[in-house]
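These are my notes from going through one model, entry by entry. I wrote down what I looked up and what I found.

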Amino acid sequence: MKKLLSKDTKTLTMVQAEKIAAYLRIIALKNGKRKPMPKIGIAKKWRKKNGARESSSETSSEDSEGTSTKDWSNIIKAQPDGVTNKKEDRNGPGETYGVGNLRTKDSIRKDLKVVKWNEEENLIQCEIQARLAIQTDPELRGFYKRKIDPRIHNGEMKTMVRIHQILVGKKGTLDITFNEALLKFIKNERYIPPKQRLLMIGNKSFDWQTNVKVFSDIPKEIPATADIPNTMLYRYTNSLHVDKKKFKNLLDLGKTEVKCECCHSGSIVPCWANEKCPCYKQNVRLRGIQKIMNQMSHSRTNFSTFEPIYLRDNDSYFDTFGFACSESCGCKGRCTNNVTLLLEKDIYQLEVFRKNANMGFGIRTNTAIPRGTPILEFTGELVQGKVPVADGDYVYSVFQEAENGEDLISATLMKDKKANKKQVQELKEHLAEGKEWFINPKRIGNLARTCCHSCEPNLSLVRVFQKGFTPAHCRLILVTQEVVFPGVELTFDYGAKYIEEHLKNNCLCGRASCKSSPLYKMMDEANEKSLEMYQTLRYHYRYNDFKTKVLDPIEAKVAAGTSHGE
Ligand SMILES: C[S@@+](CC[C@H](N)C(=O)[O-])C[C@H]1O[C@@H](n2cnc3c(N)ncnc32)[C@H](O)[C@@H]1O
């Protein structure tokens, strides 16, 4: 094993990489004193079934700093639960899906415990874990490039300015004052947990499809009296829950089902750019529509598995959509034409945390996530028509009404001369006047339901269709629109109506551009150049924070580890 660990990752075969991963898992389990978890290796299973080669051409993807496994794998300590980088298999809508146990307050309270927290060590271990997850997964290794650059990309800066202008103010003329007050907002963007945290859910016992831990950081809370809100009591599902009887017509696609027969002997099927692949063709068709809609776009957004999803000059996040291969296809969705594939991988270490009772729980990342990464999907029950009032603060609209009363997707698909007439007709029926579709995650849902609103959000929603164009085949996916650095909360924009009706204009996001902030007026009136400077400064600050807290210590440990080994 020592020999293997000292090998350059680029020269490792798949079997050797898996051996290293297994060894590190054992070390991690020993350190963390956890019970071993079953290794769920879809990649392995799939590779066996499909006779994938151990190709030496599948070179390992380098991490953000170009460091190899050799450098840091021997310094990994207690890994978090995410030792397998694959979530449970996902089934399509309406099929037998896994729904987790119903949580009860008693069952949660039983497991509450106060834990000591070393944030810096946590971030280092999570970063190592993310690199390892990529390098040891045959479906990622050599395909997925995780890049976090020291400098902000022009495209990222412009996107963030645009999002700001849409959400806060447009065409301002004011120069932003870069004073201490503004720097304070920038500095406080990374959440720093206290040294003692109340661990509320620490393993997979409730959310068996996810490794995410739940913490409460409300001061002075102790297990005996800690508040366990009703919002924690829901069943977990990793796919859309569609009532088979009620929505039989949606689920039964018949001849309109889009699926491919593509296959390949490698770990990933190259459906993207395969002009014979019917799913790819649909994807390209939607991309074409995207271009028509966004007259100002410089280029279109690709929805391919390993490329980042960038929203360009969009009017609304809802305008961008793609089509992906699925488990019904010959490729089983393990291909280059499936943006939802990354969602299945536990690359990025997320946690649920609560800093105050008013806002409830939110999600933060413990690893740096590159821009354009699909990170969370909204799952829940598909609802048509009225949503129970009590669930109103959690539901997401699947189709949004456009000005002419038609959803943008249907409106644009209908304009598309190449569209399948039957598909269009069906879509028209599903979206007939007054027919609104929602995903309700209140009783059955997943992690995405915990994502809070921010006036400076780092995620945007996109829609991805699989198999067909009905509301039951539309997946709502949250994608990072900027690099999200470790410790930062994942947020998206709930929309003005929500802020007014549900938050009663009392947003607690704590960002400089929020109406509740003392700097709001300045941010609202800011000119474009100042906003660009603001975004650049934010990036610069957060990257340096990441470097000093995570990257440099890893390098130092590597140096120490190597000299010990010699
Ligand atoms: C979809 S839930 C988000 C998860 C929720 N915080 C929880 O603990 O389950 C929406 C609710 O979270 C809270 N929330 C989310 N973002 C907020 C914000 N920016 N300001 C105030 N409350 C917020 C509000 O209570 C809102 O009704």
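**Entry 1. Nonpolar cores.** I started with the largest nonpolar core of this predicted model. The core holds 87 residues, and Cys-271, Cys-279 and Leu-478 touch the most other members. I then asked which helix gives the most to this core. It is α6, residues 119-136, with eight residues. Nonpolar side chains tend to be buried together in soluble globular proteins.

I took Cys-279 and listed its contacts, leaving aside neighbours within four places in sequence. Cysteines on that list are Cys-260, Cys-271, Cys-325 and Cys-329. The others are Val-258, Lys-259, Phe-323, Ala-324 and Asn-337. I also noted a second core, separate from the 87-residue one, with 13 residues. Its members include Val-168, Cys-507, Cys-509 and Ala-526.

**Entry 2. The chain as a whole.** I counted secondary structure next and got 15 helices and 16 strands. The chain has 566 residues, of which 45% count as buried. I also checked how far along the sequence the contacts reach. Taking contacts between residues at least 6 apart in sequence, I found that 80% join residues at least 24 apart.

**Entry 3. Around the ligand.** Which residues come nearest to the ligand? I found Thr-231, Gly-360, Phe-361, Cys-452 and Leu-508, out of 16 residues around it. Two elements give two or more residues to this shell: β7 (361-365) and β13 (452-453). By residue type, I sorted the shell into eight nonpolar, six polar and two charged.

**Entry 4. Strand β16 and its partners.** Since β7 and β13 both give residues to the shell, I looked up what they pair with. β7 pairs with β16 in the antiparallel sense over two bridges. Within that pairing, Arg-364 has Glu-489 of β16 as its bridge partner. β13 is also joined to β16 by two bridges, but these strands run parallel. Here Cys-452 stands opposite Thr-491. I noted that Cys-452 is also one of the residues that come nearest to the ligand.

I then asked whether the faces of β16 (residues 489-492) are covered or open. Both are covered. Glu-489 and Thr-491 lie on one side, Leu-490 and Phe-492 on the other, and all four are buried. In a regular strand the side chains alternate between the two faces of the sheet.

**Entry 5. A three-stranded sheet.** I moved on to an open sheet of three strands, in the order β9-β11-β10, with antiparallel pairing. β9 (381-384) and β10 (396-397) are the edge strands; each has a single partner, so one side of each has no neighbour in the sheet. I followed β9 to its partner β11 (residues 437-440) and counted four antiparallel bridges between them. Glu-381 stands opposite Asn-440 of β11.

**Entry 6. Two loop lysines.** I looked for backbone angles out of the ordinary run and wrote down two lysines. Lys-332 has a positive phi of about 60° without being a glycine. Lys-332 sits in the loop between β5 (321-324) and β6 (350-354). I counted 19 C-beta neighbours inside 10 Å for Lys-332; being buried takes 20 or more, so Lys-332 counts as partly exposed.

Lys-504 also has a positive phi, about 50°, and is not a glycine. Lys-504 is in the loop between α13 (496-501) and α14 (520-525). Is Lys-504 buried or exposed? It counts as exposed, because it has 8 C-beta neighbours inside 10 Å and the limit for exposed is 12 or fewer.

**Entry 7. Ile-218.** I found Ile-218 in the loop between β3 (213-216) and β4 (235-236). With 15 C-beta neighbours inside 10 Å, Ile-218 counts as partly exposed. Apart from neighbours within four places in sequence, Ile-218 is in contact with Arg-354, Asn-356 and Ala-357. I also took the C-alpha distance from Ile-218 to Asp-243, 25 residues away in sequence, and got 39 Å.

**Entry 8. Ala-560.** My last look-up was Ala-560, which is in helix α15 (residues 528-565). Ala-560 has 11 other C-beta atoms within 10 Å, so I entered this residue as exposed. Between the C-alpha atoms of Ala-560 and Ser-267 I got 36 Å, with the two positions 293 residues apart along the chain.

Methods: Residues numbered from 1 in each chain as written. Predicted model: local features only at pLDDT ≥ 70, side-chain atom pairs only at ≥ 80, totals over all residues. Near = placed C-beta within 6 Å. Nonpolar A, V, L, I, M, F, W, Y, C, P; charged D, E, K, R; others polar. Pairing = 2+ DSSP bridges. Core = buried A, V, L, I, M, F, W, Y, C linked by C-beta atoms within 7 Å. Contact = placed C-beta atoms within 7 Å.
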